[in-house]
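Please open the structure in a viewer and keep the selection panel at hand. The tour below proceeds from one selection to the next.

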Amino acid sequence: MTTQHLTTDVLIVGAGLGGVAAALAAADRGARVVLTEEFPWIGGQLTSQAVPPDEHPWVEEFGVTARYRTLRDGIRDVYRRRYPLIDAARDRADLNPGAGWVSKLCHEPRIAVGVLEEMLNPHRSTGRIRLLERVRPVAASVDGDRVSSVTLESVIDGVRTAVTAAYTIDATETGELLPLTGTEYVTGFESRGETGEPSAPPVAQPQNVQAFSICFAIEHVEGDHTIERPADYGFWRDYAPVAWQGERMLSWRAPNPRTLEMSERAFSPNPGDDVLAVDADQSRNAGDSNLWIFRRIAARDHFEPGFYDSDICLVNWPSIDYFLAPVLDAAREDELAHYERARQLSLSMLYWMQTEAPRPDGGTGFPGLRLRPDVMGSADGLAQAPYHRESRRIRALTTITENDVSYAVRGDAGATRYRDSVGVGMYRIDLHPSTGDDTYIDVSSTPFEIPLGALIPQRTGNLLAACKNIGTTHITNGCYRLHPVEWNIGEAAGHLAAYCLETGERPHSVHADDRLLADYQRELDAAGVQRRWPEGRVHAY
């Protein structure tokens with residue numbers, strides 16, 4: 001089979017939030033872009049992985065880029081224009097369609113897909129952005145310290161396309177270009193001796209990686225919608241991992257991430273709560289006491305009576321965390337086998353809920369729970385893609401450690417301030433159970449900055465990181481992996497690639513030279529990228 005060949009200014013592999021942001025930034029600045037995506041939907045963790053946006057408490061006022069705010073505004077605009085909202089919901093500037101407690105903007109993933117596509121469409125119409133769909137990277141050509149081309153293979157028919165680019169941006173969910181290009185990287189836990197982090201182990205554990213999850217959406221309606229018993233249900237029904245302290249994972253009980261004590265969660269479908277009173281702010285309330293409303297993505301009481309038969313609940317709970325083995329750097333057949341086992345875990349959790357789960361009325365099972373494959377954009381009702389919390393990470397010019405962001409370390413002095421800041425973010429250091437049988441690591445953090453040096457590999461000259469693959473550690477990945485931070489990282493990477501194309505400078509030079517860095521940062525400022533937190537208006541949590 002012959003290989004097609006394309007040439008462009010900037011190749012962006014992975015059209016998740018970081019990839020889309022990078023494409024928009026580079027194209028807006030005049031660069032020609034090829035953007036690629038493996039799964040049916042662009043948008044990554046927000047869409048094909050179906051995870052509602054995890055954001056900081058100040059997101060409605062500040063602390064995100066202008067383009068990210070355009071995305072958020074666009075999602076709300078779709079609901080206001082096209083959905084039969086009740087007046088009280090429509091009139092709210094901070095409309096939260098799902099009234100979920102995890103986010104101020106819980107919504108159906110398909111809405112975000114449409115808004116992201118709308119943002120890309122002008123550049124796609126002119127040909128400035130070309131989107132290669134349903135392809136994954138399988139090879140790369142390297143000349144010394146530079147990436148010459150990347151070969152993508154269709155997951156549909158195996159047709160290959162080699163793309164030659166002046167700059168390549170790795171915006172994949174797991175840093176897939178790093179081994180293909182020979183770019184130095186790390187996986188799993190670094191050692192305390194290497195990073196000096198209080199939460200790091202004495203010895204590095206490269207195979208100890210956070211759980212990934214296969215999310216799904218459900219509603220609760222009349223009738224019996226029990227699925228066929230999953231093939232692996234017997235295994236998962238009895239599975240009692242170390243972090244669960246001898247209790248079964250398929251249950252309403254799970255470790256409290258902050259105290260590690262086993263705690264009971266409630267589950268009450270369509271509870272009739274006051275959806276207008278939901279105030280999603282994880283700095284004050286973790287919000288997970290009732291799993292139905294924790295990540296609810298459609299609250300029927302926001303809409304005219306009868307429009308929705310039920311709320312829609314997004315299942316991304318501890319009970320579907322898959323950590324039997326790492327998939328980073330596994331053989332492809334082993335990786336796919338673990339994805340299938342994770343799918344079996346998610347289906348087993350649903351089957352347990354439908355048939356065995358204790359109900360508030362003393363009965364067992366919720367047979368009215370029904371998968372929503374239409375909401376997931378999939379045939380089986382599960383998310384199109386795994387939600388990876390952790391990636392391969394570049395050996396970067398700057399590595400962000402726990403000592404840069406932890407409140408226990410930094411105190412009221414706040415997070416490290418960087419001369420090369422290209423954005424801001426905030427989230428607790430939130431690590432899920434991992435493949436080394438570790439339980440949660442949940443550490444209070446301080447509002448932090450994103451250093452440009454974390455996006456640039458130590459050696460490879462024309463490759464930039466734009467997702468969870470930046471220069472964090474296993475620990476700090478836990479607070480830099482969230483939606484608005486990933487978007488900001490991608491936007492900074494896209495700007496940098498286009499800036500280097502125009503000026504003839506290299507990323508390493510921009511990072512090292514104060515004059516070039518200031519010039520590049522002025523562009524970010526003009527584009528609405530917030531690089532510093534406002535004094536006195538934010539706090540640790």
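In what follows, a helix axis is a line fitted to C-alpha atoms over the stretch in contact, and angles run from 0 to 180 degrees between N-to-C directions. The model on display is a predicted one.

**First stop: helices α2 and α4**

Select residues 66-82, helix α2, together with residues 109-126, helix α4. The axes of α2 and α4 come within 9 Å and cross at roughly 125°. Angles of 65 to 115 degrees count as roughly perpendicular and those over 145 as roughly antiparallel; α2 and α4 are therefore oblique to each other. Their crossing is right-handed.

Next, display the side chains at this contact. From α2, the participants are R67, T70, L71, G74, I75, V78 and Y79. From α4, they are I111, A112, V115, L116 and M119. Colouring these residues by class gives nine nonpolar, two polar and one charged.

**Second stop: helices α2 and α14**

Keep α2 selected and add residues 483-503, which form helix α14. Here the axes lie 9 Å apart, and the packing angle is about 130°. That angle makes α2 oblique to α14. The crossing of α2 with α14 is right-handed.

On the α2 side, the contact is made by R67, Y68 and L71. On the α14 side, H483, P484, W487, E491 and H495 take part. By class, this contact comprises four nonpolar, two polar and two charged residues.

**Third stop: an aromatic pair**

How many aromatic pairs does a search of the whole structure find? The search returns 28. To view one of these, select W58 and W533. Their ring centres are 5.7 Å apart and their planes stand at 70°, so the pair is edge-to-face. This pair links distant parts of the chain, the two residues being 475 residues apart. W58 belongs to the loop between β2 (33-37) and α2, whereas W533 lies in the segment after α16 (514-526).

**Fourth stop: the hairpin of β4 and β5**

Select strand β4, residues 135-143, and strand β5, residues 146-154. The two strands run antiparallel and are joined by eight bridges. For a single example, highlight A140, whose bridge partner in β5 is V150. Two residues separate β4 from β5 in this hairpin. In the turn, G144 has a positive phi of about 65°.

**Fifth stop: a sheet of four strands**

In which order do the four strands of the next open sheet lie? The order is β12-β13-β9-β15, with antiparallel pairing. Select β12 (296-298) and β15 (369-371) to find the edge strands, each of which pairs on one side only. On average, neighbouring strands of this sheet are turned by 35° against each other, direction ignored.

Now add β13, residues 312-315, beside β12. Two bridges join these antiparallel strands. In one of the pairings, A298 has I312 of β13 as its bridge partner.

**Last stop: a sheet of three strands**

Finally, turn to the open sheet with the order β14-β8-β16, which is paired in antiparallel fashion. Its edges are formed by β14 (321-322) and β16 (387-388), each pairing on one side only. Select β8, residues 212-213, which two bridges join to β14. Within this antiparallel pair of strands, F212 stands opposite Y322 of β14.

Methods: Residues numbered from 1 in each chain as written. Predicted model: local features only at pLDDT ≥ 70, side-chain atom pairs only at ≥ 80, totals over all residues. Heavy atoms only, no water. Parallel < 35°, antiparallel > 145°, perpendicular 65-115°, else oblique. Left-handed = near helix turned anticlockwise from the far one by under 90°. Contact = heavy atoms within 4.5 Å. Nonpolar A, V, L, I, M, F, W, Y, C, P; charged D, E, K, R; others polar. Pairing = 2+ DSSP bridges. Phe/Tyr/Trp six-rings, centres within 6.5 Å; stacked < 30°, edge-to-face > 60°.
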